[in-house]
Amino acid sequence: MANIAIVDDRADSRETLKSLIEPLLPKKWGCVSLHPLDRLADYIALLMDPDQEIAALVLDEKLHEAASARKTNVSYSGTELAKFIRKHRPEFPIYLITSFSEDLNRGNDGLFEELFARKDFQQQPEMHVKRMVRAGSRFTETFQKELGELSNKATLLAKGRATKQDIDSIKAI
């Protein structure tokens, strides 16, 4: 099952978004709500975890506004998180949601599939969710192809039949 993950430091905002997104998802899609992770590197592990099946991220820009009872504030913003993810997974679908117009006015710089105002999303969630699902589906299909290719090349490597080109391909994936 593919998932759209919402990362926001405010539980009420995460749950509101989740309640808008979930009913609009196709079958075999889900939505998960996440408090910001302690370390940026933890996101790469999350995105690569086949049990999570994260196909798209929705990030709040101001990830350091509120701490939950069990967590402290993080020191990074949604934009900083997107830059970090782009270094490791440049093709991963990332969306930014914000309540602050200055975040929308500064431009996208190719970091996000789309930037949207929270109030606009709440008024027209269908349009945005369709785009997220399309982008997430494209990513998932590409990722599945890469996994299949990696599996085939790893089998060749394990059998001692991998060429230098196979090994280079494994490193690239």
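Two strands count as paired if DSSP finds at least two bridges between them. Helices (H or I, at least four residues) and strands (E, at least two) are DSSP runs, numbered from the N terminus. With that in hand, strand E1 (residues 2-7) pairs with E2 in the parallel sense over six bridges, and Ile-4 stands opposite Cys-31 in E2.

Before going further, a word on the source: this is a predicted model, in which local features need pLDDT of at least 70 and side-chain atom pairs count only at pLDDT 80 or more, while totals for chains, interfaces and linings use all residues. Residues are numbered from 1 along each chain as its sequence is written, and side-chain values use heavy atoms, with hydrogens and water left out.

**The sheet and helix H1**

E1 and E2 belong to an open sheet of five strands, ordered E2-E1-E3-E4-E5 with parallel pairing. Strand E2 (29-34) and strand E5 (114-117) are the edges, each pairing on one side only. From one strand to the next, the twist averages 20°; axes are lines fitted to C-alpha atoms, for helices over the stretch in contact, and angles run from 0 to 180 degrees between N-to-C directions.

Helix H1 lies across E1, E2, strand E3 (54-60) and strand E4 (94-98), and runs at about 175° to E2. Contact here means heavy atoms within 4.5 Å. Within H1 (residues 11-21), Ser-13, Arg-14, Leu-17, Lys-18 and Ile-21 are buried. Seen down the axis of H1, these buried residues fall within an arc of 130°, so they line one face of the helix; the arc is taken from the directions from the helix axis to the C-beta atoms. An α-helix has 3.6 residues a turn, so residues three or four places apart point the same way.

**Three residues by accessibility**

Buried means under 20% relative accessible area, exposed over 50%, and partly exposed in between (1.4 Å probe, protein chains only).

| Residue | Location | Relative accessible area | Class |
|---|---|---|---|
| Lys-28 | loop between H1 and E2 | 70% | exposed |
| Glu-53 | loop between helix H2 (41-48) and E3 | 38% | partly exposed |
| Arg-86 | helix H3 (residues 78-88) | 14% | buried |

Lys-28 has a positive phi of about 70° although it is not a glycine. Glu-53, also a residue other than glycine, has a positive phi near 50°.

Which backbone oxygens does the side chain of Arg-86 reach? The side chain of Arg-86 reaches that of Pro-90 at 2.9 Å, and one of its polar atoms lies 2.7 Å from that of Leu-111. Leaving aside neighbours within four places in sequence, Arg-86 is in contact with residues including Phe-92, Ile-94 and Phe-112.

Conventions
A polar contact is a pair of N or O atoms within 3.5 Å; within protein, one must be able to donate a hydrogen and the other to accept it, and residues adjacent in sequence count only if both atoms are side-chain atoms.
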